Amino acid sequence: MIPHAIGRMLLTPVDSDAPIRTQRLRSLGLGERSDASFDNFDAFADRVAEVTEVPFSMVNFIDGNRQFYAGLHTPAGTRKGTDLGATAAGSGRSGRYVALDHGYCPHVVVRRRALVLEDVCDYPRFAGNPVVDDIGIRSYLGAPLIDRTGIALGAVCAVDTVPRPWGRAGLDTIKSLAQELIGYIHRREDNSLGI
């Protein structure tokens, strides 16, 4: 557990795979670059938001120090992470980085399983997360992005500011979207290797 600055305990999971994940993200050219290839991740986040009918969705890569929204959909369509409490980190992708204790994607990555929170306030472990008070997040649906090497690179997620009855259909949808995105990442890697 990591103590939060205002005294409450945040249950950010211990991530023993962070070093190998960070290395794999670098080898794939993911996690901090700002070139045009990330437009595809933004387009994918748009698709996730459309399919799940949510105001926010992300393609999130997680290294040992922070989360990077490679794909981001926001209600205004501005793609600014400031709507999610993210801060600029000097890469040109203003507002695309956020601390590991913000949000639920680090839990998805460490657990290596999808996470469905119909109302985050129903779960004491998740209700104290800063995104609840800072942004008003009330529901979360996320699935891990596990690549061909078995490493969970990050997560794809849909979030809403109201409770949502995701049910089995929502779980199946987010898992299917994660598999689709992993297919894209593998094709991207194969093309870069000339395969």
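Q: What share of the 195 residues in the protein chain is buried?
A: In this predicted model, buried residues make up 51% of the 195 residues in the protein chain. A residue counts as buried when its relative accessible area is under 20%.

Q: Why is Cys 105 called buried?
A: Its relative accessible area is 3%. The cut-off is under 20%, so Cys 105 counts as buried.

Q: What makes Cys 121 partly exposed?
A: Here the relative accessible area is 38%. Partly exposed covers the range between buried (under 20%) and exposed (over 50%), so 38% puts Cys 121 in that class.

Q: How do you know what to call the link between Cys 105 and Cys 157?
A: Let's compare two distances. The sulfur of Cys 157 is the nearest cysteine sulfur to that of Cys 105, and it is 3.7 Å away. A disulfide needs the two sulfur atoms within 2.5 Å, so this pair does not qualify and Cys 105 is in no disulfide. A search of the whole structure finds zero disulfides.

Q: Why is the pair of Phe 41 and Phe 61 called stacked, tilted or edge-to-face?
A: A pair of aromatic rings is described by the distance of the centres and the angle of the planes. For Phe 41 and Phe 61, the centres are 5.5 Å apart and the planes stand at 85 degrees. The centres must lie within 6.5 Å and the planes must be over 60 degrees apart for the name edge-to-face, so the pair earns that name. The structure holds six aromatic pairs.

Q: What makes Phe 41 and Phe 61 a link between distant parts of the chain?
A: Phe 41 lies in helix H2 (residues 38-52) and Phe 61 in strand E3 (residues 56-62), with their positions 20 residues apart in the numbering. Both of these phenylalanines are buried. Tyr 104, Tyr 123, Phe 126 and Tyr 140, meanwhile, form one aromatic cluster.

Q: Which residues have the most contacts inside the largest nonpolar core?
A: They are Leu 30, Phe 41, Val 59, Phe 61, Leu 145, Val 156 and Ile 185, in a core of 30 residues. The elements giving two or more residues to this core are H1, H2, E3, strand E4 (67-73), E7, E8 and H6. H6 provides the largest share, seven residues. Another core lies apart from this one, with 23 residues, among them Tyr 69, Leu 72, Ile 135 and Val 159.

Q: How do you know how the length of H6 fits what is expected of a helix?
A: Helix H6 (residues 167-193) has 27 residues, and it reaches 40 Å from its first C-alpha to its last. The expected span is 1.5 Å times one less than the number of residues, which gives 39 Å, so the value of 40 Å is close to it. After H6 comes Gly 194, whose phi is positive, near 75 degrees.

Q: Why is His 186 called buried?
A: His 186 sits in helix H6. Its relative accessibility is 15%, which is under the 20% cut-off, so His 186 counts as buried. Leaving aside neighbours within four places in sequence, His 186 is in contact with Asp 147 and Arg 148. The cover over the buried residues of H6 includes helix H1 (18-28), H2, E3 and strand E8 (152-160).

Q: What makes E5 and E6 the edges of the sheet?
A: Six strands form an open sheet in the order E5-E4-E3-E8-E7-E6, with antiparallel pairing. Strand E5 (97-98) and E6 each have a single partner strand, so one side of each is left without a neighbour in the sheet.

Q: How do you know that E3 and E8 pair?
A: Pairing needs at least two bridges, and E3 and E8 have six, so they pair, in the antiparallel sense. Among the partners, Asn 60 bridges to Ala 155 in E8, and Phe 56 stands opposite Val 159 in E8. E7 also joins E8, over eight bridges and running antiparallel, with Ser 139 bridging to Asp 160.

Q: What makes E8 mostly covered?
A: Nine of its nine residues are buried. One of the residues in the largest core is Val 156, whose contacts beyond its neighbours within four places in sequence include Phe 44, Val 59, Leu 145 and Ile 174.

Notes
Residues numbered from 1 in each chain as written. Predicted model: local features only at pLDDT ≥ 70, side-chain atom pairs only at ≥ 80, totals over all residues. Heavy atoms only, no water. Phe/Tyr/Trp six-rings, centres within 6.5 Å; stacked < 30°, edge-to-face > 60°. Helix = DSSP H or I, 4+ residues; strand = E, 2+ residues; numbered from the N terminus. Buried < 20%, exposed > 50% of the residue type's maximum accessible area, 1.4 Å probe, protein only. Contact = heavy atoms within 4.5 Å. Core = buried A, V, L, I, M, F, W, Y, C linked by side-chain atoms within 4.5 Å.
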